[in-house]
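The following exercises concern a single protein chain and are to be solved step by step. Please study the sequence and the structure before reading each solution.

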Amino acid sequence: MSVRRDMKSMSQVRELLRELESGREDPDGFFGLCLSLLGDTDTRTHFLDVIKPLLSGHEHIHSQLTAIFLEYFSKDEADELELALTQSLYETKLTKPDHQPYKSYADLTAVTSGVDQSNVNDGAVVAENQAVARWTLNTEVHNTTCAIRNTNKDNDDLKVTKSTRSQRRRQRKKPHLLKNPSGPRPVLLWFRRDLRMWDNPALIGCLELGAPVIPVFLWNAVEEEGPGVTVATGGASKYWLHQALVSLNRSLEQRRSHLVTLKAEASSLTALQGLITETGAASVVATALYEPWLKERDDSVWEKLEKQGVKCHIYHSYCLRDPYTVSTRGVGLRGIGSVSHFMSCCQQNPGSGLTSPLDAPAALPAPSAWPQGCPLVDLGLARMPRRKDGTEIDWAVNIRKSWDFSEEGAQAHLEAFLRDGVYRYEKESSRADEPNTSSLSPYLHFGQLSARSLLRDARGARCRSPKFQRKLAWRDLAYWQLCLFPDLPWESLRPPYKALRWSSDRVHLKAWQRGYTGYPLVDAAMRQLWQTGWMNNYMRHVVASFLISYLHIAWQEGYRWFQDTLVDADVAIDAMMWQNGGMCGLDHWNFVMHPVDAALTCDPYGTYVRQWCPELKALPNDLIHKPWKCPASMLRRAGVVLGGNYPERIVVDLEERRAQSLQDVASVRRRFREFVDQRSGCDLVPVPARLVQEALGSMEDVVSREGTGFLLPVITRMEFKHQSEDPDRQDNPYSAVLKGYVSRKRDETIAFLNERDFTASVMCENTQRRERLERDWCLLEGLPQPIVSRGRARRTPTRDPYSKVPGGVAVPHR
Ligand SMILES: Cc1cc2nc3c(=O)[nH]c(=O)nc-3n(C[C@H](O)[C@H](O)[C@H](O)COP(=O)(O)OP(=O)(O)OC[C@H]3O[C@@H](n4cnc5c(N)ncnc54)[C@H](O)[C@@H]3O)c2cc1C
């Protein structure tokens, strides 16, 4: 050992001594580390000097260390041999691949975790990583030692017996140096949805238990599905789950662990019990799930395991707030269902507050023996159907091309969005032709990204992002609603709307599902969904409005299709949004998207339609959203055959269909008057007693009826109220059909050009006036007529009809 290294090691030992004094290190661990840093001889020579400072103030630790030291150095020859072996392995671990010795444990952990050195400079992280690295190191040393010893078994029985005996003796004495079979019993880390290494409190919770960690994933489709027709994990989402598990396993392997996957045939409880018996695990750690049926299952699992003497530790990290702790106290129930009301509830009743995100551990302590699992493919999450000839139908090929399923992919997406995209998001999140939203939903759904760290990063972004941050509140709102109304995925919350007349036209439904409705915007969105498993929020509104208000198909059909095809399919969010869109949720969308007019906002140049409906790509911008308006010659030139390579519209009378939908709502509201508040005209919704009790201050809002529980007036679309009052009125002034709005940026451009046009036309008008006066004067005086200028008021090009604004100016956006 060189003098410089000697000094460096000594200074590290002194640093560790301070850790010991502050209680962050224990005497056994400290001694083990001294051995590894100083080596056997130097420890023997210097150790007692090193620990002398402990005599003032930490006498107890000093005497413990002295005992450990004396015990350790009173060993026999076999012990020496084993120690030499252990030390040499230790040296190997402490040597970089280029054979340069590691400078510090931070250095070591940076390599084992694959993280940048700059990330591990934080004191707390280094301490935590050191602890983990040490643990793993010790376990590994032991395992490798055993392995080497076993290969010698046949040759040298005597030596092995001796060695094993001495090993057992030392294990009893120094648990931190070699793993003790009777040491801490392993902990099962039950992964369900928070499939990540970063900011995972369950993972860190396991490490804090100081025991070997066995990460497991159990799959039981029946439990997952719940009691209703939830389609909790549809095809696309199962495919994502499979890929996310592959990636999780890779991350675990980088940390010297791996994921044990298991088909929980009978139940998750039975599978866990089996694992506990097989591994001797003493505890189970997981993050909470909030779907009521999963929570019920979990509660029963925790209860049974606790009775068996297994400790269960549950952490909350999937949502920003544990939805079961959100209260309306002090806020009341008025406006319930809106995100503003929900945020007021959270602000008024802040709960435990958000703590800082946690770093990923560098390594996980591995058990001495791993339980038997089954290969991930056996869970059947990514199983593809087969044709009659046995060949596979790989429907996920485009999904694979569209996404990076890993946690690193999530981080990269997030960074790119906060760096370049969040500004556009705040201005124009509705554009379908530009990737202006974060596309983080599948990562959030599977917990590959924690909501807490996302919020923290969004707050720290260069561009302010209030709109984006609010979306995370929407997400929590959905879980709160699902907890309050467990039937949310299948039963309308507003009772009268259950009696709405819905169409059962399967041809229409199929056309909508596959993107063959004849309305290019709707078709583009549905094809994007089918191929990539995703579409942005605005397009989800467009297609939902089309299904409900124009095809008159029940929202549950839309919900189920989304659950099956979205990679971010999320029971809580999907159900809440479809209920709201289906007019029967706690909130009402106060708009209906028109399948052509909406293009004004989201696809003004037809770029999006051209991408997903390439058969229409040669149509001009102003007609691409309504090919039925194209002259036959234009269609011919563009190669479009309506009813041939592109469908005819499945419904043509949009106005009529909308009016019918409105009439149907008015009629059920009149039929079930008991569910309409006579004072405000709002719909009444039965709410759980818990809500009412919490919001006692607002009892006057609550109408209590016998047999119906508590009825609460909720947000109701103005056009419904008006139509119900005067059913025969044709021109409802509150029509909710959104004509498409032009974004602020476009407004600004147009205003600027308008102004330029205005100046130009005023100048032109003046000239014309002067010319006219001159002409009249010449006529009166009998003089020859002056030569009139040929100039005319400048006309604005009319290439983009979507930019028409009051005032008559039309300009292309770019
Ligand atoms: C009919 C319908 C069904 C929907 N179904 C789902 C679904 O199954 N899963 C899903 O994650 N989102 C769903 N949404 C909400 C929203 O459309 C998606 O979250 C969003 O499009 C995802 O894209 P993004 O990550 O770019 O969103 P961003 O706009 O970048 O938002 C960031 C995150 O906030 C959350 N979020 C955004 N909008 C909402 C919202 N309205 N409600 C709750 N959380 C929101 C999502 O987790 C999203 O990833 C649905 C919306 C509608 C209209």
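**Exercise 1. Describe the secondary structure of residues 185-320 and of the protein chain.**

Solution. Over residues 185-320 the chain is 46% helix and 19% strand, and the C-alpha atoms at the two ends lie 32 Å apart. The model is a predicted one, in which local features need pLDDT of at least 70, side-chain atom pairs count only at pLDDT 80 or more, and totals for chains, interfaces and linings use all residues. Residues are numbered from 1 along each chain as its sequence is written.

The unreviewed UniProt entry lists residues 185-320 as "domain: Photolyase/cryptochrome alpha/beta"; UniProt positions follow the numbering used here, feature names are shortened, and annotations may be inferred rather than shown by experiment. The protein chain has 30 helices and ten strands. These are DSSP runs numbered from the N terminus, with helices (H or I) of at least four residues and strands (E) of at least two.

**Exercise 2. Locate the largest nonpolar core and state which domains give residues to it.**

Solution. First, the terms are fixed. A residue is buried if 20 or more other C-beta atoms, placed from the backbone, lie within 10 Å of its own, exposed if 12 or fewer, and partly exposed in between. A nonpolar core is a set of buried Ala, Val, Leu, Ile, Met, Phe, Trp, Tyr and Cys residues joined through C-beta atoms within 7 Å.

Second, the largest nonpolar core has 163 residues; Leu188, Leu189, Val216, Leu482, Ala525 and Val542 have the most contacts inside it. Helix 21 (residues 537-550) gives the most to this core, namely nine residues. Because domain 2 (184-318 + 383-449) and domain 3 (495-655) both give residues to this core, it lies between them; the domain bounds come from an automatic or database domain assignment.

Third, the partners of leucine 189 are examined. Two residues are in contact if their C-beta atoms, placed from the backbone, lie within 7 Å. Neighbours within four places in sequence aside, leucine 189 is in contact with residues including Ala202, Leu203 and Cys206. These three are also among the buried residues of helix 8 (residues 201-209). Just after helix 8, glycine 210 takes a positive phi of about 65°.

**Exercise 3. Describe the shell around the ligand.**

Solution. The ligand is surrounded by 28 residues (C-beta atom, placed from the backbone, within 6 Å of the molecule). The closest are Thr437, Ser438, Ser441, Lys471 and Asp574. By class, the shell has twelve nonpolar, ten polar and six charged residues. Here Ala, Val, Leu, Ile, Met, Phe, Trp, Tyr, Cys and Pro count as nonpolar, Asp, Glu, Lys and Arg as charged, and the others, Gly among them, as polar. Domain 2 and domain 3 each supply at least three residues to the shell.

**Exercise 4. Are serine 439 and aspartate 570 buried or exposed, or in between?**

Solution. The "binding site" annotation of the unreviewed UniProt entry includes Ser439 and Asp570. Serine 439 is found in the loop between helix 15 (407-428) and helix 16. Serine 439 is partly exposed, because 19 other C-beta atoms lie within 10 Å. Leaving aside neighbours within four places in sequence, serine 439 is in contact with His413 and Trp534.

Aspartate 570 lies in the loop between helix 22 (555-565) and helix 23. Aspartate 570 is buried, because 24 other C-beta atoms lie within 10 Å.
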